[in-house]
Amino acid sequence: MSVVPAEPVEPPEPAWRQRAVERSTRAAKVRAEQRVQRFLEAAQELIADKGTTDFTVQEVVERSRQSLRSFYQHFDGKHELLLALFEDALSKSAAEIREKTATVREPLEQLKVAVDLLYRSSIPREEHQSPLFADFAIQLLVSHPDQVATAHLPLLSLFTELVEGAVEAGAAVAPRPRHTASLIMQTAMFTAQAPAPPVGAHPSPVGAEDVWAFCLGGITGTALRTDKDAPAATPARATAKSTAARPATAKKAAPKRTAAAKKTTAPKSGARAKS
């Protein structure tokens, strides 16, 4: 009878060693985050000073007072650095909108506040517009749309939550909340950045209220009236129907009056002739 020897069992790692490794890893992570933050701040300062994203990696390294080797440990190059700044800006924007919508109770009103804030923050302003959005973001949208989509994930998650909240409250209908949230976001951002569409010979500016009215109609089927001078949709249709009915009535009545007039006139003329 042969006895198969049991496989050797490795002794468990001492608890002190686990704590030491975790502490070391945690400290290394903190140092790495601090180095990355210094690179980001240096890049932001250069963009503010130059008014453009046209700077070199060496300038970022010198401004941050760190090494070129350290830079390439954290970034593949300038593109990834700018992408990090872009993602960071959108993440902060999402956090600000989330904070402000949290002060509103009604789900649909929360979504309205979010649309308004996103629209206003997307309006191009020459004196305040960051080259990061005016230059880099536009190029990124053409060359790396997948990276743009990833950068917008914090905003998309927030708007999806708001749409889902409105649906759960029975205030909106959205079979695909995430898809609806994406459409609302794109409507707000791109409308804010687009020039005013012409109506006749004059441009017709589109405001935050117009965007919200459009989005509201999409999720509730009820359009919001934003132009105080324009008549409401239903009265306008009723007026059109009544106006269209009046000429028809007039046309039918006119021949009767004309025929009656002929009958009345004929005897008189006949009587005069006899006399």
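V142 sits in helix 6, which spans residues 131-143. Helices here are DSSP runs of H or I with at least four residues, strands are runs of E with at least two, and both are numbered from the N terminus. The model is predicted: local features need pLDDT of at least 70, side-chain atom pairs count only at pLDDT 80 or more, and totals for chains, interfaces and linings use all residues. Residues are numbered from 1 along each chain as its sequence is written, and side-chain values use heavy atoms, with hydrogens and water left out.

V142 counts as exposed because its relative accessibility is 70%. The classes are buried (under 20% relative accessible area), exposed (over 50%) and partly exposed (in between), with a 1.4 Å probe and protein chains only. V142 joins L141 and F190 in a nonpolar surface patch. Together the three residues offer about 300 Å² of accessible area. Patch members have over 30% relative accessible area and no salt bridge; nonpolar side chains (Val, Leu, Ile, Met, Phe, Trp, Tyr) are joined within 5 Å, and like charges within 9 Å. Accessible areas come from the Shrake-Rupley method with a 1.4 Å probe, and for residues only the protein chains shown count as cover.

The protein chain contains 11 helices and two strands. From the N terminus, the order is α-α-α-α-α-α-α-α-α-β-β-α-α. The chain has 275 residues, and 25% of them are buried. It exposes about 18,900 Å², of which carbon and sulfur atoms supply 56%. Contacts (heavy atoms within 4.5 Å) were also sorted by sequence separation. Of those between residues at least 6 apart, 63% join residues at least 24 apart.

The largest nonpolar core holds 52 residues. Such a core is a set of buried Ala, Val, Leu, Ile, Met, Phe, Trp, Tyr and Cys residues joined through side-chain atoms within 4.5 Å. V60 and F159 have the most contacts inside this core. Helix 4 gives the most to it, with eight residues. Leaving aside residues up to four places away in sequence, V60 touches F39, A42, A43, L46, F55, F71 and L81.

S64 lies in helix 2. Its relative accessible area is 7%, so S64 is buried. With residues up to four places away again set aside, S64 touches R38, F39 and A42. R65 lies in the loop between helix 2 and helix 3 (68-74). R65 is exposed, with a relative accessible area of 76%. Its phi is near 60°, a positive value in a residue other than glycine. Most residues other than glycine have a negative phi.

Charged pairs were examined next. Side chains of opposite charge can pair when their charged atoms come close. A salt bridge requires a side-chain nitrogen of Lys or Arg within 4 Å of a carboxyl oxygen of Asp or Glu. The whole structure has six salt bridges. One of them joins R63 and E45, at 3.2 Å from N to O. R63 lies in helix 2 (residues 57-64) and E45 in helix 1 (residues 15-50), so this pair ties together parts that are 18 residues apart in sequence. R63 is partly exposed at 34% relative accessibility. E45 is also partly exposed, at 39%.

A salt bridge also forms between R98 and E161, at 2.9 Å from N to O. This pair links distant parts of the chain, 63 residues apart: R98 is in helix 4 (residues 78-101) and E161 in helix 8 (residues 153-168). R98 is partly exposed at 37% relative accessibility. E161 is partly exposed, with a relative accessible area of 41%.

D116 and R120 form a salt bridge within helix 5 (residues 107-122). Their closest N and O atoms are 2.9 Å apart. The two residues are four residues apart, about one turn of the helix. D116 is partly exposed at 25% relative accessible area, and R120 is partly exposed at 42%. Elsewhere, salt bridges that share partners join E45, D49 and R63 into one network.

Confidence was assessed by pLDDT, the predictor's confidence in each residue from 0 to 100. The chain mean is 80, and 73% of residues reach 70 or more. Over residues 228-275, pLDDT stays under 50. For this stretch the model has four contacts beyond four places in sequence. Where pLDDT is low, the predicted coordinates should not be read in detail.
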